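The following questions and answers concern the predicted model shown here. Each answer sets out the reasoning before the value or name.

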Amino acid sequence: PNIGAYRTPPESEITVIDTATSRVIERKPLHNVAGVFHLALSSDGKLGVAPHLRPKNLVPMAHVEHGWVFADSLAFFGEDVGGVVQVPLDELDRYFALPFGVAIAPDKSKVFVSASGSDNISVINVPALLKFVRANHPSPNDLSASANYVTARIPVGRNPRSIVLSPDGKRLYVATRMEDDITVIDTKSAK
C-alpha cells in the first residue's frame, strides 16, 4: 500500500453553482481545510467568508505547538479579496474553538463569527484585515496575525451557533444552543 497517500493534507472547496442551469461554474480550493461551516456573502456578492477548521494531521501530536490539533480559521474570498485567503481566528495563547456562524455588516466594515466551542463572538475589522493580508501575505497558521484584524471578543451564552444581523446592521442576533435563547448584541458598542 502507498503509505504516503495517508500523509496528505485534507482538501475542501467552496463550490459556486449557477442556479439557472444547476451546474458548477467555479471551485474555490481550500487547502488543508476540513470542517467548513456556514458561509456569508455581502449583499453585492463581492465579499464572502467561511469559518473552518485547519487540522494539524501532519504534525506529530507530541510536537503540536502554538495551538491545538485543529486551528480555527476563516476563508475570505471574492472580488474584494482577489482570490481566496485563509486567516487564523486563534491567538497565540487563546483558541476560539469551532467557528460556526458568520455575518457580514451591510457596509462590509465588520464580520462577526460565532465560536460555538468558546462561547463568544469575534468581531473582524474587514478593512484592517484586507490591508494586513495585502501587505504581509500571512500564513494561516501564524497565530500572531489575528491581533491585526480581530477588534473584539464578545462573551455570550453557551454554544453560540447561528447568527444574523438586523437589516440595518445595528444588532446581531446570536442563537445560543445550550442556553436555548437569543442574545442581542449592539454592533456599534460590541456589547
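Q: Which arginine lies over the face of Phe100, and at what distance from the ring centre?
A: In this predicted model, a charge counts as sitting over a ring if CZ of Arg is within 6 Å of the ring centre and within 35 degrees of the ring normal. The residue over the face of Phe100 is Arg161, at 4.6 Å from the ring centre.

Q: Over the ring of which residue does the charged end of Arg153 sit?
A: Arg153 stands opposite Ser122, and its place is in strand S10. The charged end of Arg153 is 3.6 Å from the centre of the ring in question, which belongs to Phe96.

Q: How are the rings of Phe37 and Phe100 arranged: stacked, edge-to-face or tilted?
A: A pair of aromatic rings is described by the distance of the centres and the angle of the planes. The centres of Phe37 and Phe100 are 5.6 Å apart and the planes stand at 40°. Planes under 30 degrees apart would count as stacked and those over 60 as edge-to-face, so the pair of Phe37 and Phe100 is tilted.

Q: How many residues apart in sequence are the parts that the pair of Phe37 and Phe100 ties together?
A: Phe37 belongs to the loop between S2 and strand S3 (40-41), whereas Phe100 belongs to strand S7. The pair therefore links parts whose separation in sequence is 63 residues.

Q: Is Phe100 buried or exposed?
A: Buried means under 20% relative accessible area. Phe37, at 27%, counts as partly exposed. Phe100 has a relative accessible area of 15%, so Phe100 is buried.

Q: What is the angle between the planes of Phe132 and Tyr149?
A: Phe132 lies in helix H1 and Tyr149 in the loop between H1 and S10, so this pair ties together parts 17 residues apart in sequence. Phe132 is buried at 13% relative accessible area, and Tyr149 is buried at 1%. The pair is tilted, with 6.1 Å from centre to centre and an angle between the planes of 50°.

Q: Which strands form the edges of the open sheet of four strands?
A: The order in this sheet is S7-S8-S9-S10, with antiparallel pairing. An edge strand pairs on one side only, and this holds for strand S7 (99-104) and strand S10 (150-155).

Q: What angle does the direction of helix H1 make with that of S9?
A: Strand S9 (residues 120-125) runs antiparallel to S10, to which five bridges join it. Helix H1 (residues 126-136) packs on the sheet and touches strand S8 (110-115) and S9. The direction of H1 makes an angle with that of S9 of about 60°.

Q: Which residues of strand S12 point to one face and are buried?
A: In a regular strand the side chains alternate between the two faces of the sheet. Along strand S12 (residues 171-176), Arg171, Tyr173 and Ala175 point to one face and are not buried. The buried residues, pointing to the other face, are Leu172, Val174 and Thr176.

Q: Which residue in S13 is the bridge partner of Arg171?
A: S12 and strand S13 (residues 181-186) run antiparallel and are joined by six bridges. The two strands form a hairpin with four residues between them, and Asp180 in the turn has a positive phi of about 60°. Within S13, the partner of Arg171 is Asp186.

Q: Which residue takes a positive phi near 75° in the hairpin of S11 and S12?
A: Strand S11 (residues 160-165) pairs with S12 in the antiparallel sense over four bridges, and Val164 stands opposite Tyr173. The hairpin has five residues between the strands, and the residue with this phi is Gly169.

Q: What is the phi of Ser22?
A: Most residues other than glycine have a negative phi, and most peptide bonds are trans. Ser22 lies in the loop between strand S1 (11-18) and strand S2 (23-31), and is exposed, with a relative accessible area of 63%. The phi of Ser22 is positive, near 60°.

Q: What is the radius of gyration of the chain?
A: The chain comprises one helix and 13 strands. For 191 residues the globule rule gives 16 Å, and the chain comes close to this, so it is as compact as a globular protein of that length. The radius of gyration of the chain is 17 Å.

Methods
Residues are numbered from 1 along each chain as its sequence is written. This is a predicted model: local features need pLDDT of at least 70, side-chain atom pairs count only at pLDDT 80 or more; totals for chains, interfaces and linings use all residues. Side-chain values use heavy atoms; hydrogens and water are left out. Two strands pair if DSSP finds at least two bridges between them. Contact means heavy atoms within 4.5 Å. Axes are lines fitted to C-alpha atoms, for helices over the stretch in contact, and angles run from 0 to 180 degrees between N-to-C directions. Buried means under 20% relative accessible area, exposed over 50%, partly exposed in between (1.4 Å probe, protein chains only). Rings of Phe, Tyr and Trp (its six-membered ring) pair if their centres lie within 6.5 Å; planes under 30 degrees apart count as stacked, over 60 as edge-to-face and the rest as tilted. The radius of gyration is taken over C-alpha atoms; the globule rule is 2.2 Å times the number of residues to the power 0.38.
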